[in-house]
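Biologist: I have this one open on my screen. Please walk me through it in plain terms.

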Amino acid sequence: MDKLAGKVALVSGGASGIGKACALRLAQEGAKVVVADIDLALGEQTVTSIVEGGGTASFRTLDVTSEEQWQQCVAATIALYGGLNILVNNAGIAVGGSILTMSLEDWQRQQAVNLDGVFLGTKHSIPAMIDSGHGSVINISSVAGIKGSAHLAAYNATKGGVRLFTKGVARECAANRWPVRVNSVHPGVIETPIWDKMNPELLDAGMNTMDLETMAEQAVPTGLLGKPLDIANGVVFLASDDSSYMTGTELVIDGGLCA
Ligand code: NAP
């Protein structure tokens with residue numbers, strides 16, 4: 001359990017769901033972790049769980065749509081732990097709605113969190129990773145970045161954007177011989193609070209149930225609902241030297257949904 005000893009990690013959206021599981025697993029592997037989120041109370045709970053498990057972690061308030069807050073968060077991470085090696089761009093929201101009725105405001109909020117947030121985090125972390133001598137950027141996309149879903153086109157656009165943004169930045173890092181790898185992760189149906197926050201109108205749009213066990217039984221080839229730990233284990237792999245020859249690739253963790 002020391003694959004990441006000596007490494008420093010920053011996890012956006014680390015207060016809940018997949019981000020929380022990533023923070024816990026990265027810390028279990030020896031990384032010092034900054035948990036960053038807009039939710040202070042839940043973020044502090046993630047930190048407490050890590051510290052109680054013998055790991056090292058701190059919380060930092062971060063709205064991923066703010067460039068200024070990203071700059072402050074990266075600077076605080078370096079001040080606290082001496083560098084930055086691992087960024088998990090995980091914070092995300094899912095705004096549902098028909099293309100006929102979705103407001104421009106909702107579209108822009110979806111893009112701001114899921115796409116601007118990944119852009120800003122990547123932009124401000126890569127210089128710190130170069131200075132630290134080693135870096136791995138892991139962008140949490142989705143199976144929704146590979147295939148479309150009715151009434152989730154705005155979310156599809158962000159996750160498809162994250163997928164190709166990842167490849168473009170990976171190639172820029174490689175071309176410059178920067179010691180930074182950049183990969184995306186594509187979760188399928190994972191049991192987290194994000195589903196409770198989605199608009200109920202998705203029920204009218206091809207998703208005939210919001211019960212996750214039933215949804216997985218109907219839609220996932222294995223019939224199994226994914227857990228946050230399933231994604232966190234993939235993130236640890238991409239953060240560690242086990243994946244040292246991988247950059248610009250996409251790790252699909254979906255029970256066969258895209259197969
Ligand atoms: P989650 O449990 O809702 O966690 C997301 C976290 O991000 C929450 O703590 C949320 O805070 C926070 N957040 C939202 N807006 C933010 C902002 N502007 N700045 C900083 N933090 C913000 O969701 P999750 O399922 O773990 O999702 C994590 C990532 O996985 C997302 O990118 C999501 O799109 C992706 N994903 C999830 C699934 C799935 O089935 N669960 C599948 C594919 C991809 P609030 O609760 O206060 O909003």
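Modeller: Start with a word for surface cover: buried means under 20% relative accessible area, exposed means over 50%, and partly exposed is in between (1.4 Å probe, protein chains only). The model is predicted, so local features need pLDDT of at least 70, side-chain atom pairs count only at pLDDT 80 or more, and totals for chains, interfaces and linings use all residues. Residues are numbered from 1 along each chain as its sequence is written, and side-chain values use heavy atoms, with hydrogens and water left out.

Biologist: OK. How many residues of strand S2 are buried?

Modeller: In S2, residues 32–37, 5 of 6 residues are buried, and the strand is mostly covered. Names like S2 come from DSSP runs numbered from the N terminus: helices are H or I with at least four residues, strands are E with at least two.

Biologist: What order do the strands take in the sheet?

Modeller: The order is S3-S2-S1-S4-S5-S6-S7, an open sheet of 7 strands with parallel pairing. Two strands pair if DSSP finds at least two bridges between them. S3 (56–61) and S7 (250–253) are the edge strands, each pairing on one side only. From one strand to the next, the twist averages 20 degrees.

Biologist: How many bridges join S1 to S2?

Modeller: There are 5, and S1 and S2 run parallel. Val11 has Val35 in S2 as its bridge partner.

Biologist: And which residue in S5 is the bridge partner of Leu87?

Modeller: That is Val137. S4 (residues 86–89) and S5 pair over 4 bridges, in the parallel sense.

Biologist: Which strands does helix H4 touch when it packs on the sheet?

Modeller: H4 touches S4, S5 and S6 (180–187), and its direction makes about 180 degrees with that of S4. Helix H7 also packs on the sheet, touching S4, S5, S6 and S7, at about 165 degrees to the direction of S6. Angles here run from 0 to 180 degrees between N-to-C directions, and axes are lines fitted to C-alpha atoms, for helices over the stretch in contact. Contact means heavy atoms within 4.5 Å.

Biologist: Switching to helix pairs. At what angle do H1 and H7 pack?

Modeller: H1 (residues 17–28) and H7 (residues 228–239) pack at about 50 degrees, with their axes 8 Å apart. The two are therefore oblique to each other. Under 35 degrees counts as roughly parallel, over 145 as roughly antiparallel, 65 to 115 as roughly perpendicular, and the rest as oblique.

Biologist: Which residues of H1 meet H7?

Modeller: Gly17, Ile18, Ala21, Cys22, Arg25 and Leu26 do, and their partners in H7 include Pro228, Leu229 and Ala239. That contact has 11 nonpolar, 2 polar and 1 charged residues. Here Ala, Val, Leu, Ile, Met, Phe, Trp, Tyr, Cys and Pro count as nonpolar, Asp, Glu, Lys and Arg as charged, and the others, Gly among them, as polar.

Biologist: How do H4 and H5 compare? At what angle do their axes cross?

Modeller: The axes of H4 and H5 cross at roughly 15 degrees and come within 9 Å. H4 and H5 are therefore roughly parallel to each other. The contact includes Trp107, Phe119 and Ile126 of H4, and Tyr155, Phe165 and Cys173 of H5. By class, the residues of this H4 and H5 contact divide into 12 nonpolar, 6 polar and 1 charged.

Biologist: Now the loops. Is Gly14 buried or exposed?

Modeller: Gly14 counts as buried, because its relative accessibility is 0%. The residue is in the loop between S1 (8–12) and H1. Beyond its neighbours within four places in sequence, Gly14 contacts Gly19, Lys20, Val35, Ala36, Asp37 and Thr46.

Biologist: Where does His134 lie?

Modeller: His134 is in the loop between H4 (104–132) and S5 (135–140). At 19% relative accessibility, His134 counts as buried. Not counting residues up to four places away in sequence, His134 touches Lys7, Leu84, Asn85, Met129, Pro179, Ala239 and Asp241.

Biologist: What is phi of Arg177?

Modeller: Near 60 degrees, a positive value in a residue other than glycine. Most residues other than glycine have a negative phi. Arg177 is in the loop between H5 and S6, and is exposed, with a relative accessible area of 70%. His151 also has a positive phi, near 65 degrees. His151 lies in the loop between S5 and H5 (153–175) and is partly exposed at 25%.
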